[in-house]
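Reader: Hello, and thanks for taking the time! Please pick one part of this model and go through it closely, with the cut-offs spelled out as you go.

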Amino acid sequence: MEETKKVSRLNKGLIGVSISVGILAGSWILLEVIYGGLGIEEPLNFKGIGTAGFLGWATFYAAGGKKAGFVSGLATNLTGIGWGIIIVLIWTLIGGYSNYLGALVGVGIGAAGMCLQAHTRALAFIPGAFIGCSTFFALGATITPTVILTTVLGLIIGLSLGWISEAWGGKIATQLGA
């Protein structure tokens, strides 16, 4: 009898999202592993797209989910990639004189820019910019079509999986009697 009471107190909405995220996350990484095993060369090998996808997914939920979370996450993730590129350009330019100075100035300007852009309502979700920038760095921080395309596609797919998992989780919760 006590066990039944504990189960009934569980958040069915959270259970629904947990189920949908679990199924979609496993499927997402399976697709990445299968695709990676095909031996496709650059620029279409998409190395690291799984990581980028999970970071986009995290952005979606951190931004509050729903359409607003998707839109805000997309805008800030993409500007974050732009700030990452600016950081690399500044670091490279100044790094010829001093790699430490290049890092200090490049990262300082980029980090400040990601915060300052929040003055614009559409770019107010500061963590999204940092996630976009960090994803670019995690995938190699090289200004090449492969890294940029993989970063952008991965984040967009992740944001989309977030939206799908939220909607599907809601349907599962309804079936559980939420």
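**A salt bridge and the helices around it**

Author: Glad to! Let's begin with Glu166, which forms a salt bridge with Lys66, the closest N and O atoms being 3.7 Å apart. Here a salt bridge is a side-chain nitrogen of Lys or Arg within 4 Å of a carboxyl oxygen of Asp or Glu. Glu166 sits in helix H7 and Lys66 in helix H4 (residues 66–95), so the pair ties together parts that are 100 residues apart in sequence. A search of the whole structure finds one salt bridge.

A word on the ground rules before going further. This is a predicted model, in which local features need pLDDT of at least 70 and side-chain atom pairs count only at pLDDT 80 or more, while totals for chains, interfaces and linings use all residues. Residues are numbered from 1 along each chain as its sequence is written, and side-chain values use heavy atoms, with hydrogens and water left out.

The two partners differ in their surroundings. Glu166 counts as buried at 18% relative accessibility, whereas Lys66 is exposed at 54%. Buried means under 20% relative accessible area, exposed over 50% and partly exposed in between, with a 1.4 Å probe and protein chains only. Lys66 also has a backbone detail for you to inspect: its phi is near 60 degrees, a positive value in a residue other than glycine. Phe46 is another non-glycine residue with a positive phi, of about 55 degrees. Phe46 lies in the loop between H2 and H3, and with a relative accessible area of 16% it is buried.

Now back to helix H7, which spans residues 145–175. Next to Glu166 in number comes Ser165, also placed in H7. Ser165 is buried, with a relative accessible area of 0%. Not counting residues up to four places away in sequence, Ser165 touches Val17, Ser20, Val21, Leu24, Trp57 and Tyr61; a contact means heavy atoms within 4.5 Å.

Two of those partners, Ser20 and Leu24, lead us into helix H2, where they are buried along with Gly16, Ala25 and Trp28. The cover over the buried residues of H2 includes helix H7 as well as helix H3 (49–62). H2 runs over residues 12–36, and at 1.5 Å a residue its 25 residues should span 36 Å, which agrees with the 36 Å between its end C-alpha atoms. The expected span is 1.5 Å times one less than the number of residues. At the start of H2, a side-chain oxygen of Asn11 comes within 2.8 Å of the backbone nitrogen of Gly13.

Elsewhere in H7, Leu149 is partly exposed, with a relative accessible area of 35%. It belongs to a nonpolar surface patch with Leu38, Ile40, Leu44 and Leu153, and together the five have about 400 Å² of accessible area. Patches take residues with over 30% relative accessible area and no salt bridge, joining nonpolar side chains (Val, Leu, Ile, Met, Phe, Trp, Tyr) within 5 Å and like charges within 9 Å. Accessible areas come from the Shrake-Rupley method with a 1.4 Å probe, and for residues only the protein chains shown count as cover. Ala173, also in H7, is buried at 5%.

On the Lys66 side, helix H4 also holds Thr76, which counts as buried at 0% relative accessibility. The side chain of Thr76 reaches the backbone oxygen of Gly73 at 3.4 Å. Such a polar contact is a pair of N or O atoms within 3.5 Å; within protein, one must be able to donate a hydrogen and the other to accept it, and residues adjacent in sequence count only if both atoms are side-chain atoms. Leaving aside neighbours within four places in sequence, Thr76 is in contact with residues including Gln117, Leu123 and Phe125.

Finally, the wider setting. The chain has seven helices and zero strands, where helices (H or I, at least four residues) and strands (E, at least two) are DSSP runs numbered from the N terminus. Of its 178 residues, 36% count as buried. Among contacts between residues at least 6 apart in sequence, 72% join residues at least 24 apart.
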